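Me: I am new to this structure and would like a close look at a single part of it. Could you walk me through one pair of helices and what surrounds them?

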Amino acid sequence: MNETKTHTPFFADKQEKLAEILSRYPAEGRRSALMPLLWEVQRAERHVSEERVHELAEIVGTTATEVKGVMSFYSTYHEQPVGTFHIQVCSTLSCALAGSDELFDFLSNELGIVNGETTADGRFSLQKVECVGSCGTAPVVQVNDTYYERVGRGRCRHLIDALRQGEMPPVWRERGGDTVGAAKAEPLQKPTDRGEG
Amino acid sequence: MSDQTATAAKPAPILSRHDPRYEVTMYRYVGVDGAHTLDFYRSHGGYEAAKKALTSMTPAQVIDEVKASGLRGRGGAGFPTGVKWSFMAPPDGKPRYLVCNADESEPGSFKDRYILEDDPHQLVEGMIIGAYAMQMTYGFLYVRGEYYLGATRMEAAIQEARAAGLLGKNILGTDFSFDITVHRGAGAYICGEETALMNSLEGLRANPRLKPPFPAAAGMYGRPTTINNVTSLTSAVHILTKGAAWFSSMGTDDSKGTKLYQISGPVKRTGVFEMPMGATFRELIYDFAGGPTMEPKAFIPGGSSTPMFPWEDRFLDMPMDYGTLAKNGSMLGTGGVIVIPRDKCIVDALYNLVRFYAHESCGKCTPCREGVGHWLPRMYQKLVSGLGRPEDIELLESVASNIKGNAFCPLADACIGPVQASLKWFRDEYEYLAANGKSKYAKNDWWQA
C-alpha cells in the first residue's frame, strides 16, 4: 500500500476541529486527545499512516513510538487502509451459537478473501472480531460503524448484494427482549390505565 | 378447577413489560421512537431527579439516599455505590472527576448499549446526580469504540442538555457546574477494568494500574476520581425519583432494586429484561425469554467471565443476586445469561471464550500474557482439532490453577473461572474428545435462515 500521497498535515485545514477536540480535555490531560485524534484521522483516511502518527505525536506532545504503542494496543486502529466496506463479523460465543462461524465462511467465500484481508479493488475488508455487544440479536455483522443484527442466511445474502451495489442497506433496528417489534415499542401507558382496563 | 388452583398458587408469569407487576424504570423507553431526544425525556419526567437533588438536597443527602437504597455497582463487582461515593475526600477546589464506564465488552452483556442509544438523557441525568453527590468538577463518559451510534446519541444528548442549562456552568441556576466529555474507546476489553480505563482516557496503552492508590485518592491525572457503570448511575435517577425505600423494597437481603438482565443463546426471546434482583434464572429464561429453543445443557449466569452451571433445577431456581451466586461458586457479573445447548461441544464453547481472553490479554503480567494469551488457546486448539491426549486435560488443569490468583488484574481469573467450571461439570466431554479425537457433540451448522 502507498503511504499518504501528500505531505500536507491532516489538521492543516481543520484547525477548528483540532481545537475542539483538544478543548474536550482539561489542560492537564492534553494527551487524552490522542484517541479521538486517531479516530478523526482514521475516519477520513481509513487508516492512520506513518506520517499522521508523527503529526499526532507532535500535537499531543509525545513521540511517534508512544503513538504507535497506543495504536497497536487497540484492535480498531489500522495501519493499513481498510476497504470501503469494512465487514466485521463478531465471533464470540453468543454469535457463534447463532452461526457466526458459518456466516464468516460464507462471506469469506463470497469475497474471496480471508480474515484480515482486503479485496484487490479495495472495496471490501473482512475481519473476525470479538464480542461487539449485540449478543441478544446475534449473529451480528458490523459494516464500518453500522451494526446489522440477526444476520441469518437471507439477510446476509441481502446485505452482501447491497454492498456490492455500493449501498449500505437500511438497518433493521432490533433490541430484543420485550421491545421486539414495533408493536411492543410504544410507551407504557400511565399506571392508572394499566392492568385490566 | 384444579388448573385454577394451580394458577392461584403460582402467579401467572410476566410475559411483557405491559404487565402491571413488571416494574420497569431504566428500560422503560428503550425501543420507543424519539426517546433519545431532550423533548421526549423531559415530557416523561426527565431531569426531575437531578432538579430535586441540586435544588433541595445536599450532596451528603444524595449519597445517604443512594446508600440507603442498597444499590450495588452494576458493572459486575457489586460494590455498594453509595459507599463508593462516600470514599471521595471533601472538595478542595482542585479538579475531581466522575467517569462513567460504558466500555461494555463482556461477552453476553449488552444492556448499556441500548441506554446509550435509546435513552441517553437518562445517563446524563445519572451523571449529573453522581457528580453533584461527590462534587465533581468534570465528567468523562468512556464508550467502547464499536458503539458508534451510542456515542453519537450521547454527544447529541449532552449538547442538548448543555443548551438547556442542564450541563455547564450553574446547572439549573444553582452554584453547581459540571460538564461531560464523551471519549470513545477503540476495541479493548481490558478498558472495562477501571484503572485500565483511566489509562486509556489519558491517551496511554490501557494496562491496568496497581491499586492502591485507589481512584478515589489518585485517579484520572492523579486526581480524585470515581468510576461508575452506566446502570449504576441510571439506577440513581430512579432512586432519587421514587425514594430509597422504594428501591430497597425490591430484591433480596444483599441485592436491592431492579437490574437489567440480559439473555442470549438459543432461547425464544433473547434480549434485555429489567427484573427485580433476586428473580430466578428460571423466571428469566422461561417466563421472560420464552424458554430454550434447543435442548440446553448449561448456562453462564452473568457474562462470559462467570463460571457456568449445568442445566439443573437447583441452579435454575437460584435467585439472581450477588450473594447466592457467590455462594455457589460463580458471580452475578453483569447479569448476562448465555444458554448453552446440548449440541454445542463444551470444549469448543470454551475454546471460543479462551480465544476471546487471549485476544484481550493486555500483556502486562506473565501469568496472563503467557498462560491466558498463549498456553490456554493453544491447548484448546489442540483438543478441538482432535489432537489432544488424555493427559492434556490434566495439563490444562495445572496451567489453569497456576494462573488463578496470580495475575495482576481480574482478567486472567475471568478466563480461568469458566475453564475450571467447564472441567468440573463437563469433564466427560473433554475426556471423550481427548480419547476419540472428535467431539461428543459435533453439530457444526448453527446458522439460521
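Reply: Here is a look at one helix pair in chain B, and then at the side of that chain that touches chain A.

This is a predicted model, where local features need pLDDT of at least 70, side-chain atom pairs count only at pLDDT 80 or more, and totals for chains, interfaces and linings use all residues. Residues are numbered from 1 along each chain as its sequence is written, while chains are lettered from A and ligands numbered from 1 in the order in which they are written.

Chain B has a mean pLDDT (the predictor's confidence in each residue, from 0 to 100) of 94.

Now to the pair, with helices being DSSP runs of H or I of at least four residues, strands runs of E of at least two, both numbered from the N terminus. The axes of α15(B), residues 346–360, and α16(B), residues 366–384, come within 9 Å and cross at roughly 155°; axes are lines fitted to C-alpha atoms, for helices over the stretch in contact, with angles from 0 to 180 degrees between N-to-C directions. The two are therefore roughly antiparallel, a word used for angles over 145 degrees.

Residues are in contact if their C-beta atoms, placed from the backbone, lie within 7 Å. Among those making this contact are Leu350(B) and Tyr351(B) of α15(B), and Leu376(B) and Pro377(B) of α16(B).

Helix α15(B) also matters to the contact between the chains, which takes 63 residues from chain B and 54 residues from chain A: on the side of chain B that touches chain A, α15(B) gives the most, with six residues.

Technical notes. Parallel < 35°, antiparallel > 145°, perpendicular 65-115°, else oblique. Contact = placed C-beta atoms within 7 Å.
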